[in-house]
Amino acid sequence: MPRRKSIFYNALLLTGANLMMRGVSMAFQVYLVGRIGAGGIGLLSLVNTVGMLAMVLGSAGSRVSATCLVAEEYGHRRMGGVRSVMTACLRYAMLTSAVVGMGTMLLSPWLAETWLGDSRTASSIRILGLTLPLSCIWGVLSGYFTATDRVGRMVGIQFADRLADIVSTTALLTLWAGADVERGCLSITCGNAVGTLISVSALYLLYRLDVQDRSEVKIGKRLLKIAVPVAISDDLRAALNTLEQILIPWGLRQSGATGEGAIASYGTIHGMVFPVLMFPSCVLQAVSDLLIPELSHCRAVGSTRRIQHILRQCLHWGMIFAAAVGGVLWLAADSLAMQLYDSAEAGIYLRQFAPLVLLLYLDNIVDGMLKGLLQQVHSARYNTITSMLDVIFLFVLLPKWGIEGYFVTFTVTHGINFYLSITRLIEVGDYRPDWSLVLRLMLSVLAAALIAGQLRGM
């Protein structure tokens with residue numbers, strides 16, 4: 001299949017799969033909110049911040065490395081090179097994730113009490129450390145299937161993963177956890193681990209059946225050239241992001257909220273509002289994932305015109321899609337929040353964050369493009385700058401302004417990051433934005449918002 005058709009069909013497949021899986025996940029999230037409440041969701045979100053940090057530290061850039069290097073080798077039909085890349089990336093990921101996972105398990109009581117301020121999270125953190133190598137191996141294998149246009153196989157396995165996760169979690173919550181919040185968080189963590197184990201086993205089996213070539217290619221230097229900058233960038237940003245997430249409930253408490261109230265507000269935003277806000281982004285997320293191998297291939301063969309065409313089309317339609325989604329979420333915020341969570345507070349926050357959809361969705365696409373063009377060093381610099389600003393702003397503004405301080409911080413730092421990233425993309429991709437389109441789109445969104453506001457008031 002030609003690459004142009006391949007990326008189109010794979011994008012459609014991934015989009016459909018992501019929509020279905022996110023729809024199931026959204027429904028399951030509603031069930032979890034009803035089961036463990038906003039406070040439990042907030043506690044789980046704190047556990048997940050530690051899990052994400054451990055995941056980023058453990059993977060150490062292995063997924064992006066696998067995707068880019070496999071795309072290059074597969075593009076030249078060097079299957080021995082593909083096997084060498086995967087062998088090197090899997091060994092690298094297993095080594096780094098085992099070290100980080102062991103450290104996470106040993107430090108789980110300290111992380112729970114000192115970092116998160118709640119000893120009930122220790123058991124869940126311990127499970128995250130134990131299963132970390134599985135998650136990192138999954139990342140490398142998914143990079144292989146994305147880079148070799150075998151997306152359909154990966155999608156089917158992801159469905160099985162999610163189904164096993166939901167069944168396991170529901171069984172544990174029903175038969176063991178009861179109303180205990182600590183057990184509830186642990187049940188969800190263990191359910192995720194079961195799903196990951198099943199999907200990793202299936203993906204590895206399919207990979208071994210795919211690649212039979214036994215020839216060897218030296219990969220070490222090329223792997224480290226990509227992995228090290230990505231790892232430094234991701235590790236630093238993940239550490240700062242973890243600090244940001246810990247600062248949020250701390251800052252809310254400093255502003256006058258009670259401990260449980262701060263956790264509940266944190267859970268409302270991160271466990272209820274953000275899943276709705278980012279649900280439609282799976283359409284663009286599929287494109288972003290596919291752009292990494294596609295642009296890597298174009299860069300490897302020197303296809304400059306193809307790169308410019310991809311940038312122009314993806315940014316054009318991405319902007320239109322994001323603007324439409326933001327408008328719909330802004331209008332339907334109250335009804336969505338009440339229908340899903342029976343929470344008026346979630347509706348207020350959802351309307352507040354809805355205009356930022358245009359910024360968040362486009363930043364997702366731009367990030368995939370920069371990775372595909374091997375601009376990891378510049379991305380590392382931008383992410384570090386904005387994450388440091390996040391920490392500073394949260395530390396200063398949250399105790400004074402409460403939740404409004406978080407919104408201001410989120411808006412300003414994400415805006416700065418997007419500006420730096422898009423400027424770099426325009427430079428390296430030799431891309432000329434259509435500013436008239438941007439102006440027309442902004443005017444259309446503004447007019448639609450004004451008309452909708454008038455209709456709502458009638």
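1. A crossing of two helices is called left-handed if the near helix is turned anticlockwise from the far one by less than a right angle, and right-handed if the turn is clockwise. With that in mind, and remembering that this is a predicted model, one can look at helix 4, which passes helix 5 in a right-handed crossing.

2. The geometry of this pair can be stated further: the axes of helix 4 and helix 5, the latter covering residues 122-147, lie 8 Å apart, and the two helices pack at an angle of about 130°. Helix 4 is therefore oblique to helix 5, because an angle has to be over 145 degrees to count as roughly antiparallel, and 130° falls outside the other named ranges as well.

3. Helix 5 also meets helix 3, and here the axes come within 8 Å and cross at roughly 165°. Since angles over 145 degrees count as roughly antiparallel, helix 3 is therefore placed in that class with respect to helix 5. The crossing of helix 3 and helix 5 is, once again, right-handed.

4. Which residues make the nonpolar surface patch of about 540 Å²? The patch is made by Met102, Leu106, Leu107, Trp110 and Trp115, and the elements that give two or more residues to the patch are helix 3, residues 79-106, and helix 4, residues 108-115. Both of these helices have already appeared above as partners of helix 5, helix 4 in one packing and helix 3 in the other.

5. Trp115, one of the patch residues, is found in helix 4. Its relative accessibility is 31%, so Trp115 counts as partly exposed, a label that covers values between the limits of 20% for buried and 50% for exposed.

6. Two residues that are not glycines deserve a careful look at their backbone. Ala60 has a positive phi of about 50° and lies in the loop between helix 1 (3-59) and helix 2 (62-75), while Asp342 has a positive phi of about 55° and is found in the loop between helix 11 (304-341) and helix 12 (344-353).

7. Are these two loop residues buried or exposed? Ala60 is buried, because its relative accessible area is 6%, whereas Asp342, at 59% relative accessibility, counts as exposed.

8. Gly415 lies in helix 15, which covers residues 403-428, and with a relative accessible area of 26% it is partly exposed. Gly415 and Thr386 are 29 residues apart in sequence, and in space their C-alpha atoms are 9.2 Å apart.

Terms used: Residues numbered from 1 in each chain as written. Predicted model: local features only at pLDDT ≥ 70, side-chain atom pairs only at ≥ 80, totals over all residues. Heavy atoms only, no water. Patch = residues over 30% accessible without salt bridge, like charges linked within 9 Å, V, L, I, M, F, W, Y side chains within 5 Å. Areas by Shrake-Rupley, 256 points an atom, 1.4 Å probe, with all protein chains shown as cover. Salt bridge = Lys/Arg side-chain N within 4 Å of Asp/Glu carboxyl O. Helix = DSSP H or I, 4+ residues; strand = E, 2+ residues; numbered from the N terminus. Buried < 20%, exposed > 50% of the residue type's maximum accessible area, 1.4 Å probe, protein only. Axes fitted to C-alpha atoms, helices over the stretch in contact; angles between N-to-C directions. Parallel < 35°, antiparallel > 145°, perpendicular 65-115°, else oblique.
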